[in-house]
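Here's a quick briefing to read with the model open in your viewer. Pull up the chain, and we'll go from the overall fold down to a handful of residues.

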Amino acid sequence: MIVKIYNENPNIRDVRKVVGILQQGGIVVVPTDTLYAFVCSMEFKKSVESIAQLKGYKLKQAKYSMLCQSLSQLTEYVRPLDKDVFGILKQALPGPFTFILDANNNVPRNYQNANKTIGMRVPDNAILKSLIEELGCPLIGTSVKRVGEEVETEFLTDPELIHESFGHQVDAVVDGGIGDDEPSTLVDCSNGNFEILRQGKGFLQI
């Protein structure tokens, strides 16, 4: 199923239709400010396991991001941030960045990396923000690209082609227009450090 939602003015009826799927443990493909992503509600462990299978990961190898509506919501799931880290996040978010931060006890262990960290995102995308706001909790997500698979850019950015590839494996694809073909910039801020692990769409001055 494809659900068309316009980023400029997300229709609340369509947003609620997608949220209803997420509330039942469904897996949805959504636009972000970078690549399209597989997402599910953070409350459904089995759905997270299914996303790992879609990506070609074993669950323990999977690296997820928690997608939040705002910086305020993000801070509910990480250990207290020092002044410098908070200042960087405030400068960069919402935006095309994934920040690796120290997870707190609100983050289920299944979603944490081995060193108890998690990638946190606040994408600058009105559709995604509307979904998270209506759902009432963050989403767990990862880009639609499979591990080790080389595909044409169109199959990562065009929701119609994404639906052709994954429509039988997910519960819905949100058509938010053509997506970006660059991943987010990955920044490790755990333990108070700043290290750019992957340079993507976002540029950050540290």
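What follows is a short tour by topic, starting with the whole chain.

This is a predicted model, so keep that in mind throughout. The protein has seven helices and 10 strands. Its radius of gyration is 16 Å, close to the 17 Å the globule rule gives for 206 residues, so the protein is as compact as a globular protein of that length.

**Overall picture**

- Along the principal axes, the C-alpha trace spans about 45 × 35 × 30 Å.
- Half the chain is tucked away: 50% of the 206 residues count as buried.
- The protein exposes about 10300 Å², and carbon and sulfur atoms supply 44% of that area.
- If you look at contacts between residues at least 6 apart in sequence, 64% of them join residues at least 24 apart.
- On the charge side, there are 21 positive and 26 negative charges, and their mean positions sit 8 Å apart.

**The nonpolar core**

- The largest nonpolar core has 62 residues.
- Which of its members touch the most others? They are Val28, Met66, Leu74, Phe99, Leu101 and Met120.
- Met66 is worth clicking on: setting aside residues up to four places away in sequence, its contacts include Met42, Tyr77, Val107, Ile118 and Met120.
- Also touching Met66 are Gly119 and Arg121, along with the run Pro138, Leu139 and Ile140.

**Buried spots in loops and a helix**

- Gly25 lies in the loop between helix H1 (12–23) and strand E2 (28–30). Its relative accessibility is 16%, which is under the 20% cut-off, so Gly25 counts as buried.
- Beyond its neighbours within four places in sequence, Gly25 is in contact with Phe44 and Ser47. The C-alpha atoms of Gly25 and Met42 are 9.2 Å apart, with their positions 17 residues apart in sequence.
- Tyr36 sits in the loop between E2 and strand E3 (37–41). Is Tyr36 buried or exposed? It is buried, because its relative accessible area is just 1%.
- Tyr36 and Gly176 are 140 residues apart along the chain, yet their C-alpha atoms are separated by 9.3 Å.
- Gln73 belongs to helix H3 (residues 71–74). This glutamine is buried too, with a relative accessible area of 11%.
- What does Gln73 touch, leaving aside neighbours within four places in sequence? Its contacts are Cys68, Ile132, Cys137 and Pro138.

**An exposed loop residue**

- Ile178 is in the loop between strand E8 (172–175) and strand E9 (185–188).
- At 61% relative accessibility, Ile178 is over the 50% cut-off and therefore counts as exposed.
- Apart from neighbours within four places in sequence, Ile178 is in contact with Thr157, Asp158 and Pro159.
- Thr32 is 146 residues away from Ile178 along the chain, but 11 Å separates their C-alpha atoms.

**A cis peptide bond**

- Most peptide bonds are trans.
- Leu93 and Pro94, however, are joined by a cis peptide bond, with omega at about 0 degrees.
- To find it, go to the loop between helix H4 (83–92) and strand E5 (97–102), where Pro94 is placed.

Terms used. Residues are numbered from 1 along each chain as its sequence is written. This is a predicted model: local features need pLDDT of at least 70, side-chain atom pairs count only at pLDDT 80 or more; totals for chains, interfaces and linings use all residues. Side-chain values use heavy atoms; hydrogens and water are left out. A nonpolar core is a set of buried Ala, Val, Leu, Ile, Met, Phe, Trp, Tyr and Cys residues joined through side-chain atoms within 4.5 Å. Buried means under 20% relative accessible area, exposed over 50%, partly exposed in between (1.4 Å probe, protein chains only). Contact means heavy atoms within 4.5 Å. Helices (H or I, at least four residues) and strands (E, at least two) are DSSP runs, numbered from the N terminus. The radius of gyration is taken over C-alpha atoms; the globule rule is 2.2 Å times the number of residues to the power 0.38. Accessible areas come from the Shrake-Rupley method with a 1.4 Å probe; for residues, only the protein chains shown count as cover. Lys and Arg count as positive and Asp and Glu as negative; His and the chain ends are not counted. The place of a charge is taken as NZ of Lys, CZ of Arg, CG of Asp or CD of Glu.
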